[in-house]
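Trainee: I have just opened this structure and would like to learn how to read it. Could you take me through its features one at a time?

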Amino acid sequence: MISILAAAAFCAAAAPASAQVYAALEAGGTLDTRLDGRTVKDDVALRAGLGVDSGDWRAEVAVSRVAAGVSFDNVEAWGYSLSAYRDFGLGERGAWFLGAGVDWLDMRAVEGVIQPVAGDGYGWHAALGASYRLSDSIAIYAALSHMDAALNFPAPVTYDSWRSTALGFGLRASFGGVR
């Protein structure tokens, strides 16, 4: 996680003077998530990010939380990510975007609701989305994303992979206008 925060600080320092800082909040759920091949159900995902927008490119650091059920386990994951996005204009107020980045997951599992176990791991993600500018400083967006991570859990829990395709809806507020 420290490497992700260091990279975010570097991106902020290297941004051009005309770049704008923004905050993003997102809520959604997954369309297909697998924890070590087991289907995840009843999941809810929340995400908060802080980014720098330099026009066509954005850099963002974010924290997310997913709560879900897998077989007899309850799982809670905290994710920390660093992302780069490329925006493509769609008329005066709209845009679509592509993004990718790296992630670090900190996951807690309660095996059979008896024994809490923790694990973590690194991964990557990619996103495709569209946004619509409501005003000079507020935009709404929808994003389809995929995450793939390798996990390390101690015995007796043997979770070693997390794969997720999610749909989220969010709000992006810029300090100085949204592009």
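Trainee: Which residues are linked in a network of salt bridges?

Mentor: Here is the general idea: side chains of opposite charge can pair when their charged atoms come close. A salt bridge is counted when a side-chain nitrogen of Lys or Arg is within 4 Å of a carboxyl oxygen of Asp or Glu. In this structure, Glu26, Arg47 and Glu60 form such a network.

Trainee: Before we go on, what kind of model is this, and how are residues numbered?

Mentor: This is a predicted model, in which local features need pLDDT of at least 70 and side-chain atom pairs count only at pLDDT 80 or more, while totals for chains, interfaces and linings use all residues. Residues are numbered from 1 along each chain as its sequence is written, and side-chain values use heavy atoms, with hydrogens and water left out.

Trainee: What does the secondary structure come to?

Mentor: Helices (H or I, at least four residues) and strands (E, at least two) are DSSP runs, numbered from the N terminus. This protein has one helix and eight strands, and along the sequence the pattern reads α-β-β-β-β-β-β-β-β.

Trainee: How many salt bridges does the structure hold?

Mentor: There are five. One of them joins the side chains of aspartate 56 and arginine 86, at 3.7 Å from N to O. That pair links distant parts of the chain, since aspartate 56 sits in the loop between S2 and S3 and arginine 86 in strand S4, 30 residues apart.

Trainee: Are those two residues buried, exposed or partly exposed?

Mentor: Buried means under 20% relative accessible area, exposed means over 50%, and partly exposed is in between (1.4 Å probe, protein chains only). Aspartate 56 is partly exposed because its relative accessibility is 45%, and arginine 86 is also partly exposed, at 24%.

Trainee: Which residue meets arginine 58 in a salt bridge?

Mentor: The partner is aspartate 87, with 2.9 Å from N to O. Aspartate 87 belongs to strand S4 and arginine 58 to strand S3, so this salt bridge ties together parts that are 29 residues apart in sequence. Both aspartate 87 and arginine 58 are buried.

Trainee: And where do arginine 163 and aspartate 148 lie?

Mentor: Arginine 163 is in strand S8 and aspartate 148 in strand S7, 15 residues apart. Their side chains meet in a salt bridge of 3.0 Å, N to O. Arginine 163 counts as partly exposed because its relative accessibility is 45%, whereas aspartate 148, at 16%, counts as buried.

Trainee: How many cavities of 30 Å³ or more does a search of the whole structure find?

Mentor: The idea first: rolling a probe the size of a water molecule over the atoms shows where empty space is left. On a 1 Å grid over the protein atoms alone, a cavity is a set of points where a 1.4 Å probe fits but cannot get out, and lining residues have an atom within 4 Å of a point. Grid points are joined across faces, edges and corners, and a volume is the space filled by probe spheres set on the points. Here the search finds two cavities, and the largest has a volume of about 560 Å³.

Trainee: Which residues lie nearest the centre of the largest cavity?

Mentor: Among its 37 lining residues, those are Glu26, Arg47, Ser64, Ser145 and Met147. Glu26 and Arg47 are familiar from the salt-bridge network. Strand S4 gives the largest share of the lining, seven residues. By class, the lining has 20 nonpolar, 11 polar and six charged residues. For these classes, Ala, Val, Leu, Ile, Met, Phe, Trp, Tyr, Cys and Pro count as nonpolar, Asp, Glu, Lys and Arg as charged, and the others, Gly among them, as polar.

Trainee: Which residues have the most contacts inside the largest nonpolar core?

Mentor: In soluble globular proteins, nonpolar side chains tend to be buried together. A nonpolar core is a set of buried Ala, Val, Leu, Ile, Met, Phe, Trp, Tyr and Cys residues joined through side-chain atoms within 4.5 Å. The largest core here has 16 residues, and those with the most contacts inside it are Leu35, Leu105, Met107, Leu151, Phe153, Tyr159 and Trp162. S5 gives the most to this core, with three residues.

Trainee: Where is leucine 151 placed?

Mentor: Leucine 151 is in the loop between S7 and S8, and counts as buried because its relative accessibility is 4%.

Conventions
1 Å grid on protein atoms, 1.4 Å probe; cavity = no way out; pocket = protein on both sides within 12 Å on 5 of 7 lines; lining within 4 Å.
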